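Let's take a walk through a protein structure together, one stop after another. Keep the picture in view as you read, and turn it whenever a new part comes up.

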Amino acid sequence: QVQLAESGGGLAQAGGSLRLSCAASGLIFGRDARGWFRQAPGKEREFVASIKWSSGTTYVADSVKGRFTISGDKASNTVYLQMNSLKPEDTDVYYCALATSVLGPFDYWGQGTQVTVSS
């Protein structure tokens, strides 16, 4: 139905930047939301940011507010996560996700991309 292809992870130094991208394909009806989550081994998955695709309304977690920005490009059906001022504690596997309804849960997930931030 829907597939999400992530890219952009890698290694950055503290204070540096990375940009993650997630391209969606499949049938999406326009009332969806896109999001980014992260998860470290042994810990629960953490919400990072989301965007309502139609309106462009964005939400960011307090832990990344002011440093991370979520945005979308409708022409390419791609959601981005711009990560600035990276900290070692940002080291995680980052997953993009799509909720087919803004009223429901995120029900499609990307494969994950590793982000490692060194001090």
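**A walk through the model**

Let's begin with Lys87, which is partly exposed, with a relative accessible area of 34%. Keep in mind as you look at it that this is a predicted model. Lys87 sits in the loop between S8 and S9. Leaving aside residues up to four places away in sequence, Lys87 touches Arg67 and Val117. There is also a link to a distant part of the chain: Lys87 and Ser119 are 32 residues apart along the chain, yet their C-alpha atoms are separated by 7.6 Å.

Stay in this loop for a moment and find Ser85, which also belongs to the stretch between S8 and S9. Ser85 counts as partly exposed, because its relative accessibility is 41% and the partly exposed range runs from 20% to 50%. Its backbone deserves a look as well: the phi angle of Ser85 is near 50 degrees, a positive value in a residue other than glycine. Why point that out? Most residues other than glycine have a negative phi.

Now follow the contact from Lys87 to Arg67. Arg67 is found in the loop between strand S6 (58–60) and strand S7 (68–73). Is Arg67 buried or exposed? With a relative accessible area of 10%, Arg67 is buried, since buried means under 20%. Its neighbours help to fill in the picture. Not counting residues up to four places away in sequence, Arg67 touches Gln82, Met83, Asn84, Ser85, Leu86, Lys87 and Asp90. In addition, a polar atom of the Arg67 side chain lies 3.1 Å from the backbone oxygen of Ser63.

Next, step back and look at a sheet. It is an open sheet of 4 strands, in the order S1-S3-S8-S7, and the pairing is antiparallel. S1 and S7 stand at the edges with a single partner strand each, so one side of each has no neighbour in the sheet. From one strand to the next, the twist averages 20 degrees.

Let's look at how S8 is held in this sheet. On one hand, S3 and S8 pair in the antiparallel sense over 6 bridges. Here Leu18 stands opposite Met83 in S8, and the bridge partner of Leu20 is Leu81 in S8. On the other hand, S7 and S8 also pair in the antiparallel sense over 6 bridges, with Gly72 opposite Val79 in S8. How many residues of S8 are buried? The count is 5 of the 6, so S8 is largely enclosed by the rest of the structure.

S7 and S8 also form a hairpin, with 4 residues between them. In the loop between these two strands you will find Asn77. Asn77 has a phi near 55 degrees, which is a positive value in a residue other than glycine. Asn77 is buried, with a relative accessible area of 18%.

What lies in the interior? The largest nonpolar core has 26 residues, and those with the most contacts inside it are Leu4, Trp36, Val48, Phe68, Leu81, Met83 and Tyr94. Several strands give two or more residues to this core, among them strand S1 (2–7), strand S3 (18–26), strand S5 (46–52) and strand S8 (78–83). The largest share, 4 residues, comes from S3. You have met two of these core residues already: Leu81 and Met83 are the ones that stand opposite Leu20 and Leu18.

Our last stop is a group of rings. The structure holds 4 aromatic pairs. A pair of aromatic rings is described by the distance of the centres and the angle of the planes. Take Phe37 and Phe106: their ring centres are 5.1 Å apart and their planes are at 80 degrees, so the pair is edge-to-face. Phe37 lies in strand S4 (residues 33–39), and Phe106 in the loop between S9 and strand S10 (108–109), so this pair ties together parts that are 69 residues apart in sequence. Phe37 counts as buried at 11% relative accessibility, whereas Phe106 counts as partly exposed at 22%. Finally, ring pairs link Phe37, Phe47, Phe106 and Trp109 into a cluster.

Terms used. Residues numbered from 1 in each chain as written. Predicted model: local features only at pLDDT ≥ 70, side-chain atom pairs only at ≥ 80, totals over all residues. Heavy atoms only, no water. Buried < 20%, exposed > 50% of the residue type's maximum accessible area, 1.4 Å probe, protein only. Polar contact = N/O pair within 3.5 Å; in protein donor to acceptor, adjacent residues only side chain to side chain. Contact = heavy atoms within 4.5 Å. Core = buried A, V, L, I, M, F, W, Y, C linked by side-chain atoms within 4.5 Å. Pairing = 2+ DSSP bridges. Axes fitted to C-alpha atoms, helices over the stretch in contact; angles between N-to-C directions. Phe/Tyr/Trp six-rings, centres within 6.5 Å; stacked < 30°, edge-to-face > 60°.
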